[in-house]
Amino acid sequence: LKVVLDAIFGAENFRNEIVWQRTTAKGLAFTRFANNHDVILSYTKTQNWIWNEQYTDYNEEYVEGFYKYVEERTGRRYALDNLVNPNRDRPNLTYEFLGITRVWRWTKDRMQKAYDEGKIVQTKPGNVPRLKRYLDEQEGVPVSDIWTDIAAVGSQAQERLGYPTQKPLALLERIISASSNPGDLVLDPFCGCGTAIVAAQQLERHWIGIDVTHLSIALQKNRLKDMFDLVAGTDYAVIGEPQTMGAARQLAQEDRFQFQFWALSLIGARPLGADAGSKQGKRGADRGVDGVVTFIDDATGKPKRALVQVKSGHVKSGDIRDLRGVIEREGAVVGIFLTLEPPTRDMETEAVSAGFYTSPGWQRDYPRLQILTIANLLDGATPKLPPSHSTFQQATKATPTAIQNTLDL
């Protein structure tokens, strides 16, 4: 990869090979060293580039050893630093201060001002005055090209969304903070679950994200809504998704799995039987089910499910009877049938005969079997479900910023 990037950017524009240690060494590496890092290659387009140095916090041992003094009044930690000038040949900086004559770093006026402000101390008469260097005024330790302080997204991590190649937000925030400023543009051409996009949004950068799967774009839209209350088509543009029935039919003809992913995204359903980063789909354990919407609507906190089936071809009343059997078998409370073609009257009759699900939390009835056409969804229709529902694991809320951006398919 480095050889390819040298050819694209020019070897002279190579800046860093960064080693990100994502996990500790595993004990199962019997025939080789443990593989526990990724490599990040940093290039610039030209010899002029943006660079913002990054810092990490001092470790506790260093703080206790070096910043060992604490002000009683403020509780601020500080170290005593040298005020003597290393250049002894500075007559203009040679003077007596607090009874001590030295070649000082500062002019006498500046020394006196700092002393009056309590920033210079003389521990006892006759000792060389020293500068108070406060811990809370220091930037920290400059980050090197070996990163060991950012852990991978673990199975129990709060930011985990279930996407197989998800990177930690802190990793992308460091990269974007170091190489751009607020208002700059960030491009992620393989944006997956959108961590780079989220980092850019949080750091007040413009962004463009590109991915080839409708499943990834659906996940990103949910993540942007959960974290920033950003709505597709209003707060940012989505390019490449079907906007008309003709485009929907074309997608169904080209790739039925991508059509399925896209259709599920229209109602915020999580696909079953496919990895989030996959271009292909398959039937999951729930036979005849393409997606699921989970929600909690009672005091027990136990999730309930609405199972979703997607059809892009000919449909018939037997499809509704089959879905009814599936939701009964799987213990779901609602079934949703998404269809590219209009339903027959027999299908609608079959759906009505299934009755209603009564929500104990909202004290409302919801149709147990619901038929929604793609045309309905493109016109803004939504399933009739209790308000408290989610699809992918919900992303943590963040502060929204008003920046126009783009998701590309």
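Two helices whose axes make an angle under 35 degrees count as roughly parallel. Keep that cut-off at hand for this tour of a predicted model.

**Stop 1: helix 6 and helix 8**

Select helix 6 (residues 214–228) together with helix 8 (residues 256–266). Their axes come within 8 Å and cross at roughly 15°, so helix 6 and helix 8 are roughly parallel to each other. The crossing of this pair is left-handed. Now show side chains: on helix 6, pick His214, Leu215, Ala218 and Lys221, which meet Gln258, Phe261, Trp262 and Ser265 of helix 8. Coloured by class, this contact has four nonpolar, three polar and one charged residues.

**Stop 2: helix 5 and helix 6**

Keep helix 6 on screen and add helix 5 (195–202). Here the axes come within 10 Å, with a crossing of roughly 30°. Helix 5 and helix 6 are therefore roughly parallel to each other as well. Helix 5 passes helix 6 in a right-handed crossing. To see the contact, select Thr195, Ile197, Val198, Gln201 and Gln202 on helix 5, then Gln220, Arg223, Leu224, Met227 and Phe228 on helix 6. By class, the residues are five nonpolar, four polar and one charged.

**Stop 3: the largest pocket**

Stay with helix 5, which is one of the elements giving two or more residues to the lining of the largest pocket. The volume of this pocket is about 1800 Å³. Centre the view on Ile40, Leu41, Leu172, Ile175 and Leu187, which lie nearest the pocket centre among its 46 lining residues. Besides helix 5, the elements that give two or more residues are helix 1 (2–9), strand 1 (14–21), strand 2 (37–43), helix 4 (169–179) and strand 12 (185–188). Which element gives the most to the lining? Select helix 4, with seven residues. A colouring of the lining by class shows 28 nonpolar, 12 polar and six charged residues.

**Stop 4: helix 9 and helix 10**

Last, select helix 9 (residues 317–330) and helix 10 (residues 345–352), whose axes come within 7 Å and cross at roughly 20°. Helix 9 and helix 10 are therefore also roughly parallel to each other, and their crossing is right-handed. Display Ser317, Ile320, Arg321 and Arg324 of helix 9, which meet Asp346, Met347, Glu350 and Ala351 of helix 10. How do the residues of this contact divide by class? Three are nonpolar, one is polar and four are charged.

Key:
Residues numbered from 1 in each chain as written. Predicted model: local features only at pLDDT ≥ 70, side-chain atom pairs only at ≥ 80, totals over all residues. Heavy atoms only, no water. 1 Å grid on protein atoms, 1.4 Å probe; cavity = no way out; pocket = protein on both sides within 12 Å on 5 of 7 lines; lining within 4 Å. Points joined across faces, edges and corners; volume = space filled by probe spheres on them. Helix = DSSP H or I, 4+ residues; strand = E, 2+ residues; numbered from the N terminus. Nonpolar A, V, L, I, M, F, W, Y, C, P; charged D, E, K, R; others polar. Axes fitted to C-alpha atoms, helices over the stretch in contact; angles between N-to-C directions. Parallel < 35°, antiparallel > 145°, perpendicular 65-115°, else oblique. Left-handed = near helix turned anticlockwise from the far one by under 90°. Contact = heavy atoms within 4.5 Å.
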